[in-house]
Each structure stands twice: as structure tokens, then as C-alpha cells.
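Subject: Structure handover

Hello,

Here is the structure I promised to pass on. Please open it alongside this message and follow the residue numbers as you read.

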Amino acid sequence: MMELDLAARREAMVDYQIRNRGIDSPRVLDAMGRVAREAFVPNDLREMAYNDSPLPIAAGQTISQPFIVAMMVDALDLKGGERVLDVGTGSGYAAAVLACIAQKVYSIERINELAEQAQKALLAEGFSNVEVKVGDGTLGWPEAAPFDAINVAAGAPVVPEALRQQLAIGGRLVLPVGPEHAGQQLLRVTRISEDEFETESLAAVRFVPLIGAAGWKETNPPGRDNSAYQALSAEDKALVDKMKQVVEPFASVDELPLQALLERIGDSRVVLMGESSHGTSEFYRARQRITRALIEEKGFDFMVIEGDWPNVARINNYVQHAECPQTEWTAFARFPTWMWRNQEVLGFIDWLRQYNAHQQPSERVAMHGLDLYSPYQSIDAILAYLDDVDPEMAAFARERYDCLAPFKPEAANYGRWAARRGFAHCGAAVQDVLDALQARQQTYAEHGSERFLDAVQNARLVVSAEAYYRLMYDDAYNTWNLRDTYMFETLEALLEHYGEGSRGVVWAHNSHIGDARATDRLQYGELNIGQLCRERFADDAYLIGLGTNSGTVAAASDWGEPMEIKTLKQVLPESYEHLCHATGYTGFLLPLARGGDPDVRAGLMKSRLGRAIGVIYRPETERASHYYEATLPRQFDEYIWIDHSCAVTTLNSDELEGMPDTYPFGL
Ligand code: SAM
């Protein structure tokens with residue numbers, strides 16, 4: 001029964017992960033369909049053998065994701081009958097796939113234990129045309145050269161000369177080349193003649209390092225340092241050992257395994273994804289991959305991010321191919337340049353625009369803003385709308401909003417004035433405009449429901465922002481709650497707007513996304529959008545947290561100060577992050593609710609520290625400035641770990657030159 005099940009999963013893997021992603025070589029598809037991947041993974045991971053991800057094998061190494069193996073074999077362009085060198089045997093799986101097509105495979109592995117296990121597994125699976133030896137693959141296998149094809153399954157700093165020289169004329173060498181921990185380019189080097197080689201770049205990938213004479217030196221790369229593990233108590237060591245068995249590891253964000261995650265998300269109406277810092281590239285890229293899958297495979301209708309409504313509205317116009325008037329303001333201008341104005345977000349916005357180009361206008365996926373810091377931009381947008389659809393109402397709204405006009409240069413001044421006795425605040429005036437707009441929904445419907453939504457949301461923003469700024473100096477009042485409640489109401493309004501059964505993705509900081517009741521914020525009476533979603537949607541909300549240990553982050557030292565690329569301090573030993581780091585994995589998904597392991601969940605229920613970095617990072621006072629206490633399994637339904645991460649890539653004005661006027665990132 002079980003074997004049958006695995007055979008069916010293998011077939012599905014070939015269809016969904018390989019053929020669907022554009023590999024159509026019958027030889028490659030046939031080979032991927034013939035090799036039983038479960039025979040090459042550790043026994044306790046057999047169930048996961050056909051997941052769309054790499055998996056851990058012995059000695060801290062990995063068996064590559066099926067698609068990567070297929071892509072590399074495809075790039076080798078084997079016709080049958082070749083002599084092939086395979087560097088980095090690992091589990092022996094790729095060697096087996098190669099052996100289905102080639103006449104003979106010479107596979108070389110530097111770690112004895114792996115080479116032995118792989119040779120055994122290959123023989124047991126009937127692959128008598130694979131010879132495995134222990135050695136340094138950067139030097140090739142001179143006795144068996146020349147080779148028609150060479151496959152290298154570990155990342156090299158440069159193309160090793162010995163491998164080039166051991167290629168037959170016309171032979172192909174496929175290997176990842178690039179910095180040790182920042183990901184590599186998959187290259188194909190073809191030997192044209194005795195001295196001529198052609199090199200093509202095929203894809204961005206991330207592999208473990210190729211260690212050897214013509215490769216990297218053996219060191220303890222980030223994420224594989226086991227001093228963190230050694231520092232743990234016996235109880236925590238057992239917990240980390242168990243975590244290592246149940247997490248779904250990945251070598252890079254580009255390989256983050258999606259299939260099982262999508263199953264766990266199931267039919268959730270809202271998926272909320274966090275970040276433990278605003279300035280980390282991997283957090284944006286991981287959320288983008290997941291969001292794309294939610295849009296493409298589950299038909300999500302909109303996404304909403306921790307940016308102000310009117311600013312994100314401009315992005316929305318762009319991704320929806322809408323006609324939009326030129327405005328004097330620039331999108332995201334209030335945010336530090338690195339929070340949304342970065343390469344990572346730009347890439348996603350371009351993808352969404354392209355995706356939408358193939359959809360009917362009513363089916364296009366929208367992008368909206370959750371935050372409330374731009375009341376004056378909202379007022380301008382409302383007045384522009386009313387000038388167009390109802391000039392009489394525009395005059396009324398203008399008169400009401402005049403109340404706030406004196407504070408336009410510095411909204412926080414409104415709070416200082418409001419703290420004085422006898423100050424006649426503008427709460428009722430701004431509420432009047434919202435009420436009047438809502439009362440005219442029917443009348444304004446003819447001008448388009450999207451435009452009406454935009455106007456009403458802007459009016460709601462003004463109402464909440466007025467209260468926010470008015471109460472910001474009032475110690476008795478918690479403006480955090482006001483802000484997160486506004487965020488939640490915005491989400492609810494969007495679900496209502498997109499109609500029954502509509503679904504949305506939320507991107508905001510972990511501090512908004514992780515259920516506040518599971519953190520020390522509870523004692524301050526603080527709630528957040530994650531908590532409100534759980535209370536309202538129960539299991540239909542899926543909360544995902546993201547965290548990291550080391551690397552760099554884009555952040556400022558204080559409000560109003562310029563962005564710096566700062567080095568992250570290692571996480572504190574009392575933190576959840578420390579446990580994650582001690583697994584030694586580069587990255588993983590840790591299910592904490594559906595599909596999660598009860599023992600791991602129980603082990604993680606003892607509360608610990610969690611790290612939160614926002615727009616500002618102060619490593620000098622890290623413990624006081626950036627840690628909070630939480631119970632992770634109650635805070636999130638899933639946790640995504642990225643051990644080593646890099647700062648976002650900021651945009652500069654040169655890169656925006658020549659962009660169309662509609663482009664969302666004004667500078
Ligand atoms: N192809 C393998 C499979 O199907 O399981 C996965 C290979 S794993 C991503 C990379 C392997 O390369 C590791 O087992 C590592 O020990 C090995 N390796 C690293 N440097 C090497 C070298 N210089 N020579 C041989 N093997 C090496």
C-alpha cells in the first residue's frame with residue numbers, strides 16, 4: 001500500500017514539479033519517473049521523498065530537490081550511452097537518475113560515510129553501472145577521463161580546471177559557481193575544441209559548498225556551526241534533535257518547499273506572513289514565493305501590506321493596469337527607502353503586473369495598504385474623487401477637513417495641541433465625511449466600485465489617523481491597539497468588498513502577525529491583527545512568522561536617520577531563534593499547528609525570547625530594544641527559519657530612469 005502510494009507520488013512529482021516547470025525531455029522525465037527517491041533518503045523521511053524540496057541526509061549534507069536534479073540532467077543533454085562524471089554523490093540519487101540514461105556513471109564523494117551508503121543504495125536499486133569512490137571531486141577522476149558529461153552537485157568558487165580538462169570535445173559540464181553562502185549561478189560549460197569552451201548561465205541556485213583543492217576550504221560555514229548546539233541543555237538538545245527530524249529544510253529561499261505548506265494552509269481565508277526585520281531580503285523573497293503560489297494555485301484575490309492605503313493605491317493602479325492620474329506625491333514616500341522601495345518588492349510588483357495582464361479585469365489580483373500614517377494624502381485623494389463625482393460633497397468635505405489643515409506640515413503637532421485642555425478636536429468633522437460617503441454608496445456606484453472603495457478606505461484612514469495622532473500623547477490610551485484594529489478593519493473591509501469566499505494575504509511585521517496573546521504584550525493590554533484574525537476567523541486564518549540568526553540588515557540607527565547596512569548580532573541563547581540556529585540547517589519550515597509534530601510543539605511551549613527588528617536596529621542595546629517574550633506555537637501556525645540572511649537591495653534613482661510615468665516608486 002505504502003509503496004504504491006510512493007509510486008503515485010513519484011508520478012505526481014514528475015508531472016507537477018518537473019514537466020509543469022518546462023522540462024520536456026522524454027529521457028529526463030523517464031529517468032525521474034524510474035528512480036525510487038525514497039531509497040536514497042533516510043528511513044524516517046521516506047514519506048517526504050517526493051516533496052518539492054531538498055532533504056537532509058547523513059553528515060549534514062542534502063539530497064537536492066527533484067527539480068534541481070532534473071534541471072541539471074536536462075542541461076547535460078544526454079542522448080544515451082555516455083560516460084558521465086558525477087561530483088558530490090551525496091545520497092546517490094542524482095547518480096541513479098544519470099545512470100538511467102548514460103552507459104556508465106563515475107560518482108565521487110568526499111565523505112566516506114555517504115559514499116558507502118550511496119553505493120549500497122545504488123546496488124540495492126539495481127544500478128550496476130555506477131561506480132562510487134571517495135575523493136576530492138574538484139580534481140575529477142583522471143583515470144576514467146575523458147567524460148561526455150560532468151555533473152557537479154556542490155557550489156564552486158570558480159570552474160575547477162581539472163574538470164574542464166577532463167571533458168571530451170563536445171562534452172558538457174554543469175555546475176553551480178558563486179559565493180559560498182550567497183547562492184550561485186548554475187553554469188553549463190561546453191568544450192567546443194581542445195582550447196575553446198563556451199559558458200552559459202542557466203539559473204540562480206543555492207548549493208552546499210564544493211570543498212577541496214580547487215574548491216572552498218573546509219570551515220564552519222554559517223548555519224553549520226555546531227557550537228550553538230553544544231551550548232544547549234540536554235533537554236533542549238533532545239528538542240533540537242526532534243526538530244531536525246520534523247522540519248522541512250531548504251537550502252535557499254528559491255528552493256523553499258511549497259507543496260506541503262500549501263496543504264497545511266488548506267482553505268484558509270487569510271494568510272498572514274510576518275518578518276522579524278523590515279530590511280531583510282530573504283523575508284521579502286520567501287513571502288513572495290508563497291504569495292505567488294497562493295495566487296496561482298489557490299486563487300487568492302488580494303494582498304495587503306504594512307504600508308499606507310493611498311501610497312499602496314498607486315502600486316495597485318500599476319499592477320492592475322489602471323489608468324491613474326499623475327499625482328504630486330510619491331508612493332511609499334513616508335517610509336524609509338528600504339522598507340518597501342527595494343529591488344525585492346519591485347520584482348514582485350512587476351511579476352504581479354504581468355500575471356494580471358493575462359487576467360480579466362475583474363479577476364486581477366489587487367494590492368492594498370494596511371497602515372494609517374498618511375491622512376493628508378488620503379484627504380487629497382478623497383477630495384480629488386469628490387471633485388470628479390460630486391462637487392457639492394467635495395465642498396462639504398473640504399470644509400470638514402479644514403479642521404486638520406493647520407497640522408499638515410507635522411501631523412504629530414495635532415497630538416500636542418489635542419493634549420491641551422479645551423482643544424476642539426476634529427474627530428466629529430472627519431467622521432462626518434466618512435458617514436456622508438457611506439450614505440452615498442448607491443449614488444456613487446455608477447462611478448465604479450473600486451473607486452468608491454478607495455474613497456471610503458481613505459476616509460476611514462483619516463478617521464483612525466485623527467484619533468491616532470490625537471491620542472498619541474495620552475498615556476492612558478494605547479495607540480498601538482488603535483492602529484492594529486484599523487489594520488484588521490481594513491482587512492475585513494477588503495474581504496467584504498471582494499465578496500463571499502474571497503481570500504487575502506497579509507504582509508506585516510511579526511509583531512503585528514503573531515497572536516499578541518502569546519507574547520508579553522498581553523500584560524500591556526496590547527492586541528494585534530494576528531490575534532483579531534484568530535478571534536474572527538479561527539482556523540481560517542493561517543499565521544506565519546519568519547526569523548533569522550546572522551547576516552546583514554538594512555536599518556537606521558534612529559528615526560529620521562539614514563539607512564545603513566548593519567551586521568546582525570547572533571541571536572541570544574534564551575531565544576527560539578537559538579534553537580533554530582542549533583539545528584544547523586540553512587533554512588526550514590516548522591509547522592506548529594496543522595501537520596505539526598505534537599512533541600516538538602510541546603517542547604516549544606516553554607516560553608522564550610523572540611527577536612524583533614523594525615525600521616531601527618540598535619545592536620548596542622539589543623536585549624532591551626529587540627527582544628520580547630513569547631510562546632511560539634501559540635503565536636504562529638508555522639515558522640520559517642532562514643539562518644543567514646542579507647539586507648534588502650535598495651533602489652537608487654538611476655535604476656528608475658526611463659521607467660514609465662505610471663511606475664509606482666517615485667523618488
Ligand atoms: N547529488 C546528491 C544527491 O543526489 O543526493 C546531492 C549532493 S549534495 C547537494 C553535495 C555533496 O557534495 C555532498 O554530499 C558533499 O559532501 C559533496 N562534496 C562537497 N565537496 C566535494 C568534493 N570536493 N568532492 C566530492 N564531493 C564533494
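Below is what was found, starting with the domains and ending with single residues.

The model is predicted, so please read everything here as computed from that prediction.

**Domains**

The domain assignment splits the protein into three parts: domain 1 (2–219), domain 2 (246–369 + 503–655) and domain 3 (372–492). Note that domain 2 is given as two stretches of sequence. The centres of domain 2 and domain 3, taken over C-alpha atoms, are 28 Å apart. Their contact takes 27 residues from domain 2 and 23 residues from domain 3.

**Where domain 2 meets domain 3**

Together, these two domains bury about 2,000 Å² between them. Carbon and sulfur atoms account for 63% of that area. Polar links are there too. Between domain 2 and domain 3 there are 10 residue pairs in polar contact, both residues at pLDDT 80 or more. Salt bridges between the two domains number 2.

Which elements build the domain 2 side? Those giving two or more residues are β12 (302–308), α11 (309–319), β13 (366–371), α20 (510–513) and α21 (529–537). Helix α21 provides the largest share, with 5 residues.

Look at E306 and R483 next. Their side chains meet in a salt bridge, with N and O 3.3 Å apart. E306 sits in strand β12, and R483 sits in helix α19 (residues 479–498). The pair links distant parts of the chain, 177 residues apart. Are these two residues buried or exposed? Both R483 and E306 are buried.

Now turn to N316, in helix α11. Its relative accessible area is 10%, so N316 counts as buried. Setting aside neighbours within four places in sequence, N316 is in contact with A366, M367 and H368.

**The cores**

As a general point, nonpolar side chains in soluble globular proteins tend to be buried together. In this model, the largest nonpolar core has 82 residues. Which of its residues have the most contacts inside it? They are M243, L386, Y401 and L437. Helix α18 (residues 449–471) gives the most to this core, with 13 residues. The core draws at least three residues from each of domain 2 and domain 3.

L386 is a good place to zoom in. Leaving out neighbours within four places in sequence, L386 is in contact with P391, M393, A394, A397, L437 and Y444. One of these, L437, is itself among the residues with the most contacts inside the core.

Another core lies apart from this one. That second core has 57 residues, among them L98, A121, V130 and A203.

**Salt bridges elsewhere**

How many salt bridges does a search of the whole structure find? The search finds 34. Here are a few to look up.

- D77 and K79 meet through their side chains at 2.8 Å, N to O. D77 is partly exposed, with a relative accessible area of 38%.
- E131 and K104 form a salt bridge at 3.3 Å, N to O. E131 lies in strand β5 (residues 130–134) and K104 in strand β4 (residues 104–109), so the pair ties together parts 27 residues apart in sequence. E131 is partly exposed at 35% relative accessibility. K104 is partly exposed as well, at 23%.
- D515, R517, R534, E535 and D637 are linked in a network of salt bridges.

**One buried asparagine in a loop**

Last, find N528. It is in the loop between α20 and α21. Is N528 buried or exposed? At 1% relative accessibility, N528 counts as buried. What does its side chain reach? The side chain of N528 reaches the backbone nitrogen of Q531 at 2.9 Å. Not counting residues up to four places away in sequence, N528 touches W480, D484, S511, H512, I513, G514, D515 and A516. Of these, D515 also belongs to the salt-bridge network listed above.

That is the handover. Start with the E306 and R483 pair if you want a quick way in.

Best wishes

Technical notes. Residues are numbered from 1 along each chain as its sequence is written. This is a predicted model: local features need pLDDT of at least 70, side-chain atom pairs count only at pLDDT 80 or more; totals for chains, interfaces and linings use all residues. Side-chain values use heavy atoms; hydrogens and water are left out. A nonpolar core is a set of buried Ala, Val, Leu, Ile, Met, Phe, Trp, Tyr and Cys residues joined through side-chain atoms within 4.5 Å. Buried means under 20% relative accessible area, exposed over 50%, partly exposed in between (1.4 Å probe, protein chains only). Helices (H or I, at least four residues) and strands (E, at least two) are DSSP runs, numbered from the N terminus. Domain bounds come from an automatic or database domain assignment. Contact means heavy atoms within 4.5 Å. Buried area is the accessible area (1.4 Å probe) that two parts lose on being put together, summed over both. A salt bridge is a side-chain nitrogen of Lys or Arg within 4 Å of a carboxyl oxygen of Asp or Glu. A polar contact is a pair of N or O atoms within 3.5 Å; within protein, one must be able to donate a hydrogen and the other to accept it, and residues adjacent in sequence count only if both atoms are side-chain atoms.
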